[in-house]
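Dear colleague,

I am passing on the structure below, and would be grateful if you could look through it alongside the notes that follow.

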Amino acid sequence: MNNFVKRAVSGLMFVVILTGCIFIHPVAFFILFFAINILGLLEFSHMAKRMHVYINTPVYLLCGSMLFTAGFLHTYWGYRDGFLWCFIISFILGIWELYRKKGNAFQNIAFAYYGLLYLSLPFTLLIYLPYMTTGAWKPEIIFFPFLLVWLNDTFAYLFGSQFGRHKLFPRISPKKSWEGAIGGGVVTISVALFIAPYIEGLTIVNNIIISCIVVLFGIFGDLLESMFKRSIEIKDSGNIMPGHGGILDRFDAVIFVIPAIFVYLEFVY
């Protein structure tokens with residue numbers, strides 16, 4: 001099976017599973033993204049090891065999983081105390097380092113906290129998006145950022161491969177071009193306008209601004225993860241998805257886009 005077929009098959013399976021779990025039931029969404037969160041944190045921890053940074057993995061995973069779980073329990077069942085437990089565990093993460101007798105203690109703690117900020121926080125904020133706009137679970141609002149990111153990535157690649165002449169950020173990602181970024185952005189905003197009437201809780205203006213956020217912050221999310229990989233000289237963050245790499249490779253744009261959308265909706269609503 002050549003690389004193109006691998007990418008196509010694994011990409012299709014990814015889209016089907018993610019879309020299905022978002023729309024089937026909130027608990028299905030929780031189970032899938034709980035697993036994605038854990039796998040992403042593990043990838044980040046393994047990447048840190050290549051720089052001789054040793055995150056306290058058990059406590060780090062416990063804290064990340066508790067943060068995501070607390071967000072779900074708060075929105076879906078109204079239980080708030082989960083964040084208190086997450087807060088306590090985050091302190092334990094630092095205190096435990098005193099007893100680990102590992103080198104680079106400062107880096108170990110700093111990387112752990114950044115990993116939680118980089119991965120677990122965006123997935124937690126994702127849960128809040130529909131409740132901010134309608135006060136209830138609306139899977140289409142959860143799905144909306146993913147759809148826009150997929151459109152932006154796909155058409156940026158197509159336009160870039162056909163018309164790309166001017167490099168967007170050659171030091172970090174030599175293949176990205178301004179032509180691809182503009183083409184992907186135009187298609188993304190156009191599709192957001194077309195589907196605006198079908199998304200309850202978001203106005204046309206909201207959709208336009210959210211699509212612009214996706215175009216801008218999606219690029220930075222992609223570049224940031226590429227910078228991480230270049231700094232430790234690896235091609236992919238993992239190999240969980242044949243032809244696509246790891247969790248961080250697949251969600252690099254999304255985890256940067258979601259906090260920006262959350263901030264925008266917080267100001268609006």
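In this model, which is predicted, the count of aromatic pairs comes to 27. One of them is formed by F30 and F68, which are stacked, with 5.5 Å from centre to centre and 10° between the planes. Since F30 belongs to helix α2 (residues 26-49) and F68 to helix α3 (residues 57-77), the pair ties together parts that are 38 residues apart in sequence, and both F30 and F68 are buried. Another pair is that of F143 and W150, whose ring centres are 5.7 Å apart; because their planes stand at 75°, and over 60 degrees is the cut-off, this pair counts as edge-to-face. F143 has a relative accessible area of 15% and is therefore buried, and for W150 the relative accessible area is 15%, so that W150 is buried as well. A ring also takes part in a contact of another kind, in that K102 lies over the face of Y54, at 5.4 Å from the ring centre.

Turning to the interior, the largest nonpolar core has 74 residues, and those with the most contacts inside it are L18, F29, F33, Y60, F146, I210 and F251. Helix α5 (residues 105-133) supplies the largest share of this core, namely twelve residues. If residues up to four places away in sequence are set aside, F251 touches F14, L18, F33, I36, F123 and F146, and of these L18, F33 and F146 appear, with F251, in the list of residues that have the most contacts inside the core.

A polar residue that you may wish to look at is S211, which is found in helix α8 (residues 204-232). Is S211 buried or exposed? Its relative accessibility is 0%, and because buried means under 20%, S211 counts as buried. Leaving out neighbours within four places in sequence, S211 is in contact with L148, T188, I189 and A192.

Finally, there is the second largest pocket, which has a volume of about 280 Å³. Its lining consists of 14 residues, and F14, I17, I240, M241 and I247 are those that lie nearest the centre of the pocket. The elements that give two or more residues to this lining are α1 (3-24), α2 and α9 (247-251), and the largest share, five residues, comes from α1. F14, which lies among the residues nearest the centre of this pocket, is also one of the residues that F251 touches.

With best wishes

How values were computed:
Residues numbered from 1 in each chain as written. Predicted model: local features only at pLDDT ≥ 70, side-chain atom pairs only at ≥ 80, totals over all residues. Heavy atoms only, no water. Helix = DSSP H or I, 4+ residues; strand = E, 2+ residues; numbered from the N terminus. Buried < 20%, exposed > 50% of the residue type's maximum accessible area, 1.4 Å probe, protein only. Contact = heavy atoms within 4.5 Å. Phe/Tyr/Trp six-rings, centres within 6.5 Å; stacked < 30°, edge-to-face > 60°. Lys NZ or Arg CZ within 6 Å of the ring centre and 35° of its normal. Core = buried A, V, L, I, M, F, W, Y, C linked by side-chain atoms within 4.5 Å. 1 Å grid on protein atoms, 1.4 Å probe; cavity = no way out; pocket = protein on both sides within 12 Å on 5 of 7 lines; lining within 4 Å. Points joined across faces, edges and corners; volume = space filled by probe spheres on them.
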